[in-house]
Amino acid sequence: MEKTCTDALPLTMNSSEKQETICIFGTGDFGRSLGFKMIQCGYSVVFGSRNPQMSSLLPNGAEVLSYSEAAQNSDIIIVAIHREHYDFLTELAEVLNGKILVDVSNNLKINQYPESNAEYLAQLVPGTRVVKAFNTVSAWALQSGALDASRQVFACGNDSKAKQRVMDIVRTLGLTPLDQGSLVAAKEIENYPLQLFPMWRFPIYLSAVLCIFLFFYCVVREVIYPYVYKKKDETFRMAISIPNRVFPIAALTLLALVYLPGVIAAILQLYRGTKYRRFPDWLDHWMLCRKQLGLIALGFAFLHVLYTLVIPIRYYVRWKLRNITVTQIANKDNPLSTSSAWHSDSYLALGILGFFLFVLLGITSLPSVSNTVNWREFRFVQSKLGYLTLILCTAHTLAYGGKRFLSPSTLRWCLPSAYVLALIIPCTMLVIKFILIMPCIDKTLTRIRQGWERNSKISSALNGKTDI
Ligand SMILES: Cc1cc2nc3c(=O)[nH]c(=O)nc-3n(C[C@H](O)[C@H](O)[C@H](O)COP(=O)(O)OP(=O)(O)OC[C@H]3O[C@@H](n4cnc5c(N)ncnc54)[C@H](O)[C@@H]3O)c2cc1C
Ligand SMILES: NC(=O)C1=CN([C@@H]2O[C@H](COP(=O)(O)OP(=O)(O)OC[C@H]3O[C@@H](n4cnc5c(N)ncnc54)[C@H](OP(=O)(O)O)[C@@H]3O)[C@@H](O)[C@H]2O)C=CC1
Ligand code: HEM
Ligand SMILES: [Fe+3]
């Protein structure tokens, strides 16, 4: 079992077990934090610095020398210096010859330089073996131990032995090394910490546009229309009842958009008669951000449930109930309508069941949970239960609308009730999916997915073409 150091107290190592000496160039934030962590894990650390006497705040137990003296103490040198200050390393070429240089640098902008910092370092001191690593770990996380977000260390390098040595150090520090191949991958690794939720951008924009559109649609129907025709001020609806239309409709629409690409992908494969041609980029990207779409949809569903919980305590609802009670007393008999009881209880029950499965989908997408299930189990939950969630939530909305569906009395300026908008994508989707799972079609699709091709001659000629 490999020894790794999590956040243990400095280990007292007897001399025989002393681990190798690591040299760190630069006594700045990152150099100091990495040195501190390394000493904690039993390494001996020698810092290289421009002013060894002046360096303060260094972890105790560390030695600090000039760069060239420090380099002679180890064959692994971690260059904790900004790329802009690499030039002086050419003067150390002789003492660095044959050593492993670990480039930990990041840039301020994506693709700031034509080549990666690691490749630039390899050009500056060609006699060394450069490995890229540690740039995705923050100095603060190293120091505070809060490594949850950045426990993964992407590593790459042309010399596999050197890369292995560095990855062993990563493991000893309790981090997770991910081998990304040769030094060519350094550019991507350097861009990685600069991206800001790359997979969330499209889903967030789409959700924002959807919510804004739905909000104004409901304001037109439920605030402006009554004001124009009945001079009634219903602006208070913008606080609870309109958001409690916007959020559930957005939740249902986004949930349908999670499963729509799978349907489009299936239709594409049937149309092409093969699974061996790439999906168009827009479909690829859509497929890749389904998780984010699904989680945003779940967030909206939660909001909808919270807004629904407060319905009975709303002043407006209590005022309405009081009025109904008064009229009921006035005209005495008002027998229970079992059909209305059935109607309201059934749509609520469908909503609760749909929401339960929705939450289950969200839980299985937590890495700690999805890592414990195999691919088939994951797909069963995400795909099969996902569709069941969609069916239940669509049925909940249909039942909620009941007989009002598109009845002329609900149209306002020809605009149907908002919930009708929620039904467009899910119902279309479910109808197409229903057709796709017809045995005759499903059998062909399954064969295609198992590698059968309608006409391998034509498709081999077409192979590699990307779009339709
Ligand atoms: C709350 C929530 C959380 C979610 N979390 C995640 C998550 O963590 N990770 C995630 O990936 N998704 C997540 N999703 C999105 C969604 O549940 C999954 O992507 C789900 O797998 C989609 O199922 P599908 O049947 O539409 O598509 P898939 O099962 O992915 O299939 C899509 C298409 O891929 C092709 N295909 C599928 N299987 C094969 C095969 N064996 N051979 C060839 N082609 C094939 C077919 O064309 C198929 O139509 C989440 C959704 C929600 C609502
Ligand atoms: N800070 C962080 O969280 C992370 C930083 N990194 C990377 O680590 C490297 C160091 O970052 P960080 O420690 O924050 O930077 P700092 O500016 O805090 O420290 C850089 C160190 O480089 C040394 N250095 C050598 N030559 C020069 C020079 N000409 N001008 C200035 N400094 C020089 C200095 O050490 P001395 O004075 O002893 O010579 C200085 O302390 C960078 O490449 C950064 O991208 C990567 C991941 C996270
Ligand atoms: C605990 C679970 C749920 C309960 C108790 C519930 C309850 C309700 C209630 C009471 C309404 C009527 C709201 C009103 O008249 O103001 C409603 C409407 C609606 N619900 Fe739910 N719901 C649940 C879950 C869901 C989920 C998971 C979805 C979709 C993903 C959803 C989608 C909708 C939609 C689209 C409407 C119509 C909104 C409108 O146009 O007014 N609901 N729900
Ligand atoms: Fe810094």
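The exchange below deals with one helix pair and two ligand sites in a predicted model.

User: Why is H11 called oblique to H13?

Analyst: Helix H11 (residues 290–309) and helix H13 (residues 338–364) pack at about 140°, with their axes 10 Å apart. Angles over 145 degrees count as roughly antiparallel and 65 to 115 as roughly perpendicular. The angle fits neither range, and therefore H11 is oblique to H13. The crossing of H11 past H13 is left-handed.

User: Which residues of H11 meet H13?

Analyst: Gly-294, Leu-295, Ala-297, Leu-298, Ala-301, Phe-302 and Val-305 do, against Phe-355, Phe-358, Val-359 and Gly-362 of H13. The residues of this contact comprise 9 nonpolar, 2 polar and no charged.

User: What makes the approach of Thr-27 to ligand 2 a polar contact?

Analyst: The cut-off for a pair of N or O atoms is 3.5 Å. An N or O atom in the Thr-27 side chain is 2.4 Å from an oxygen atom of ligand 2, so the pair qualifies. Tyr-67 has a side-chain N or O atom 2.6 Å from a ligand 2 oxygen, and for Arg-50 the distance is 2.8 Å.

User: How do you know that Tyr-419 makes a polar contact with ligand 3?

Analyst: A polar backbone atom of Tyr-419 is 3.4 Å from an oxygen atom of ligand 3, and the limit is 3.5 Å, so the pair counts. In the side chain of His-304, an N or O atom lies 2.8 Å from a nitrogen atom of ligand 3.

User: Which helices each supply at least two residues of the shell around ligand 3?

Analyst: Helix H9 (243–272), H11, H13 and helix H15 (375–401) do. The shell comprises 13 nonpolar, 6 polar and 1 charged residues.

Definitions and conventions
Residues are numbered from 1 along each chain as its sequence is written. Chains are lettered from A and ligands numbered from 1 in the order in which they are written. This is a predicted model: local features need pLDDT of at least 70, side-chain atom pairs count only at pLDDT 80 or more; totals for chains, interfaces and linings use all residues. Side-chain values use heavy atoms; hydrogens and water are left out. Axes are lines fitted to C-alpha atoms, for helices over the stretch in contact, and angles run from 0 to 180 degrees between N-to-C directions. Helices (H or I, at least four residues) and strands (E, at least two) are DSSP runs, numbered from the N terminus. Angles under 35 degrees count as roughly parallel, over 145 as roughly antiparallel, 65 to 115 as roughly perpendicular and the rest as oblique. A crossing is left-handed if the near helix is turned anticlockwise from the far one by less than a right angle, and right-handed if clockwise. Contact means heavy atoms within 4.5 Å. Ala, Val, Leu, Ile, Met, Phe, Trp, Tyr, Cys and Pro count as nonpolar, Asp, Glu, Lys and Arg as charged, and the others, Gly among them, as polar. A polar contact is a pair of N or O atoms within 3.5 Å; within protein, one must be able to donate a hydrogen and the other to accept it, and residues adjacent in sequence count only if both atoms are side-chain atoms.
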